[in-house]
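Please look over the sequence and the model below before reading on. The report that comes after them is written for a first-year student and moves step by step through a few helices and residues.

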Amino acid sequence: MGEGGDMDGMAEGRGLLSDQIRNALTDEIASGVLAAGIALDEQDLADRFGASRTPVREALRQLASSGLVEMRPRRGVVVTRMTPERIMEMFETTAEFEALCVRLATYRMTPLELSALMDLHEQSAEPVAAQDYDTYDALNRAFHEALYRATHNGFMAEQALAIRSRLAAFRRTQLRQGERILRSRAEHGEILQAIAEGDGDAAARRMRAHMLNAASALGRYVAEHASA
């Protein structure tokens, strides 16, 4: 029993470390610190983060699944080339898709689902005050995914998750721009208010604006770091 618990603890530790490595590399790729075409060496990264190659390999696998890096024969792992125009197109697409989701969810969600959304919103106050980007990012992701499920349309929820996974890195990084993390939470509150009032059209407009504001924040963040 004790041995099994130790193994579970070790697996959890590796998981947390791989998440930390993934998040650090995500921010560097999204901000342009790690430019397109740069090769990422597992051993170099392991040395940098004081880790074994196992969590590094897992972090790179997650980055590959989100499209931030590519696994290339003989070159290993290389940062993907993503133009600002392509990223903005992705944000525009997800803004429309999430607006559709929240509009439908407004009319279909149960009182328990609305209560759970409100609880997630309340939980996010502390990490915002502490500028804890990792915790807020996790709660932000849970908030949006709860809205997908509240559509009670399995296919729509699957598509929303697929689109979100492509933008996850950039949605995370934009929270670091200025006071964006504060505005993000405030926008969630406005969306929740429209949902509680049963106004799906208002909820959709606010969600669309929320996503486009995130795109603008990312653009400013990248520009600030490019000129630093």
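What follows describes two helix pairs, the nonpolar cores, and several single residues of this predicted model.

**Two helix pairs**

Two packed helices are described by the angle between their axes and the distance between the axes. The first pair to consider is H7 and H9, whose axes come within 12 Å and cross at roughly 25°. Because angles under 35 degrees count as roughly parallel, H7 is roughly parallel to H9. The crossing in which H7 passes H9 is left-handed. On the H7 side the contact is made by Tyr133, Tyr136, Asn140, Phe143, His144 and Leu147, while H9 contributes Ile181, Ser184, Arg185, His188, Leu192 and Ile195. Sorted by class, the residues in this contact of H7 with H9 are 7 nonpolar, 4 polar and 1 charged.

The second pair is formed by helix H4, which covers residues 84-108, and H8, and these two pack at an angle of about 140° with their axes 10 Å apart. H4 and H8 are therefore oblique to each other, and H4 passes H8 in a left-handed crossing. Among the residues that meet here are Phe91, Phe97 and Cys101 in H4, and Ala160, Leu167 and Phe170 in H8. The contact of H4 with H8 divides into 12 nonpolar, 2 polar and 4 charged residues.

**A residue inside the first contact**

Serine 184, which is found in helix H9 (residues 180-196), is one of the residues through which H9 meets H7. Is serine 184 buried or exposed? Its relative accessible area is 1%, and since buried means under 20%, serine 184 is buried. Leaving aside residues up to four places away in sequence, serine 184 touches Tyr136, Asn140, Leu175 and His210.

**The nonpolar cores**

The largest nonpolar core has 48 residues, and within it Phe91, Leu147 and Ile195 touch the most other members. Helix H10 (residues 200-226) supplies the largest share of this core, namely 8 residues. There is also a second, separate core of 6 residues, including Cys101, Tyr148, Ala157 and Ala160.

Phenylalanine 91 touches Leu167, Phe170, Arg171, Met211, Ala214, Ala215 and Leu218, when residues up to four places away in sequence are not counted. One of these partners, leucine 218, is found in helix H10 and counts as buried at 2% relative accessibility. With the same neighbours in sequence left out, leucine 218 touches Ile87, Met88, Phe91, Phe170, Thr173 and Gln174. Leucine 218 and valine 69 are 149 residues apart in sequence, and their C-alpha atoms are 19 Å apart in space.

**Two loop residues with positive phi**

Which phi value does glutamine 131 have? The phi of glutamine 131 is near 55°, a positive value in a residue other than glycine, and histidine 152, which is likewise not glycine, also has a positive phi near 55°. The table sets out where each of these residues lies and how accessible it is.

| Residue | Loop | Relative accessible area |
|---|---|---|
| Glutamine 131 | between helix H6 (125-129) and helix H7 (133-149) | 35%, partly exposed |
| Histidine 152 | between H7 and helix H8 (154-173) | 46%, partly exposed |

Glutamine 131 is thus placed in the loop before H7, whereas histidine 152 lies in the loop between H7 and H8.

Conventions:
Residues are numbered from 1 along each chain as its sequence is written. This is a predicted model: local features need pLDDT of at least 70, side-chain atom pairs count only at pLDDT 80 or more; totals for chains, interfaces and linings use all residues. Side-chain values use heavy atoms; hydrogens and water are left out. Helices (H or I, at least four residues) and strands (E, at least two) are DSSP runs, numbered from the N terminus. Buried means under 20% relative accessible area, exposed over 50%, partly exposed in between (1.4 Å probe, protein chains only). Contact means heavy atoms within 4.5 Å. Axes are lines fitted to C-alpha atoms, for helices over the stretch in contact, and angles run from 0 to 180 degrees between N-to-C directions. Angles under 35 degrees count as roughly parallel, over 145 as roughly antiparallel, 65 to 115 as roughly perpendicular and the rest as oblique. A crossing is left-handed if the near helix is turned anticlockwise from the far one by less than a right angle, and right-handed if clockwise. Ala, Val, Leu, Ile, Met, Phe, Trp, Tyr, Cys and Pro count as nonpolar, Asp, Glu, Lys and Arg as charged, and the others, Gly among them, as polar. A nonpolar core is a set of buried Ala, Val, Leu, Ile, Met, Phe, Trp, Tyr and Cys residues joined through side-chain atoms within 4.5 Å.
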